[in-house]
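Me: I would like a close look at a single part of this model, followed by whatever else helps to place it. Please take it slowly and keep to what the coordinates support.

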Amino acid sequence: MALKHDAKGNRIAWKVEIEKLDYHHYLPLFFDGLCETVHPYEFFARQGIHDMLDHGGPKIQPVIPQLIIPIRNALNTRNRAVICTTLKVIQHLVISGEMVGESLVPYYRQILPILNMFKSMNINSGDGIDYSQQKRQNVGDLIQETLSMLERYGGEEAFINIKYMVPTYESCMIN
């Protein structure tokens with residue numbers, strides 16, 4: 001892979017078709033890069049994950065157990081930028097393939113405690129303008145959005161497990 005510059009910004013120029021990559025090897029490797037904060041490493045990790053999730057389909061679900069430790073490590077950095085990136089990746093992961101959301105439920109006890117700590121970290125700017133909402137950098141809002149997606153795509157047991165780890169969470173499925 002290489003960094004490709006074009007009019008739309010930076011992208012990854014893949015030397016091999018993404019569908020032909022060994023997901024058991026490369027996807028956890030990219031997830032390990034979620035902790036990176038230096039360019040171009042953080043770009044390659046983030047973009048590599050999104051590209052692989054876009055093209056993975058049924059190859060993603062069997063790799064879920066290998067992704068939990070890198071996700072937990074990224075969330076445990078307590079770096080707001082890393083947490084925001086990781087939450088966006090979790091959201092993309094949940095919708096990336098069938099049964100992926102349900103496959104994450106057994107691992108909620110490992111990835112949700114840090115979300116419980118940061119859930120109320122919304123920025124109070126008073127009467128000022130908060131641009132972090134537009135850029136999706138507000139940690140509290142992203143956590144709420146992620147928990148809702150985990151519940152929506154996690155099946156019947158998702159809400160009970162989320163509520164156990166994040167007691168203040170209110171279901172998004174109630175009419």
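Reply: Glycine 140 is buried, because its relative accessible area is 3% and the cut-off for that class is under 20%. In this predicted model, glycine 140 is found in helix H8, which covers residues 139-153. Its C-alpha lies 5.5 Å from that of serine 120, although glycine 140 and serine 120 are 20 residues apart in sequence.

Helix H3 offers a broader view of burial. This helix, residues 64-75, has 12 residues and reaches 16 Å from its first C-alpha to its last, which is close to the 16 Å expected at 1.5 Å a residue. Its buried residues are Ile64, Leu67, Ile68, Pro70, Ile71, Ala74 and Leu75. An α-helix has 3.6 residues a turn, so residues three or four places apart point the same way. As for what covers the buried residues of H3, the cover includes helix H1 (23-32) and helix H4 (80-95), together with helix H5 (100-104), helix H6 (108-111) and helix H7 (113-118).

The charged pairs make a useful contrast with the buried glycine 140, and the structure holds 4 salt bridges. One of them joins glutamate 42 to arginine 46, with the closest N and O atoms 2.5 Å apart. These two residues are 4 residues apart in helix H2 (residues 41-56), so about one helical turn separates glutamate 42 from arginine 46. Glutamate 42 is partly exposed at a relative accessible area of 22%, and arginine 46 is likewise partly exposed, at 27%.

Another salt bridge links aspartate 6 with arginine 11, where the closest N and O atoms are 3.4 Å apart. Aspartate 6 counts as partly exposed, with 29% relative accessibility, while arginine 11 has a relative accessible area of 35% and is partly exposed as well.

A further salt bridge is formed by glutamate 170 and lysine 163, whose closest N and O atoms are 3.9 Å apart; this pair qualifies because the cut-off for a salt bridge is within 4 Å. Glutamate 170 counts as exposed, at 55% relative accessibility, whereas lysine 163 is partly exposed, with a relative accessible area of 28%.

To return to the part in question, glycine 140 of helix H8 is a buried residue whose C-alpha is 5.5 Å from that of serine 120.

Terms used
Residues numbered from 1 in each chain as written. Predicted model: local features only at pLDDT ≥ 70, side-chain atom pairs only at ≥ 80, totals over all residues. Heavy atoms only, no water. Expected span 1.5 Å × (residues − 1). Buried < 20%, exposed > 50% of the residue type's maximum accessible area, 1.4 Å probe, protein only. Contact = heavy atoms within 4.5 Å. Salt bridge = Lys/Arg side-chain N within 4 Å of Asp/Glu carboxyl O.
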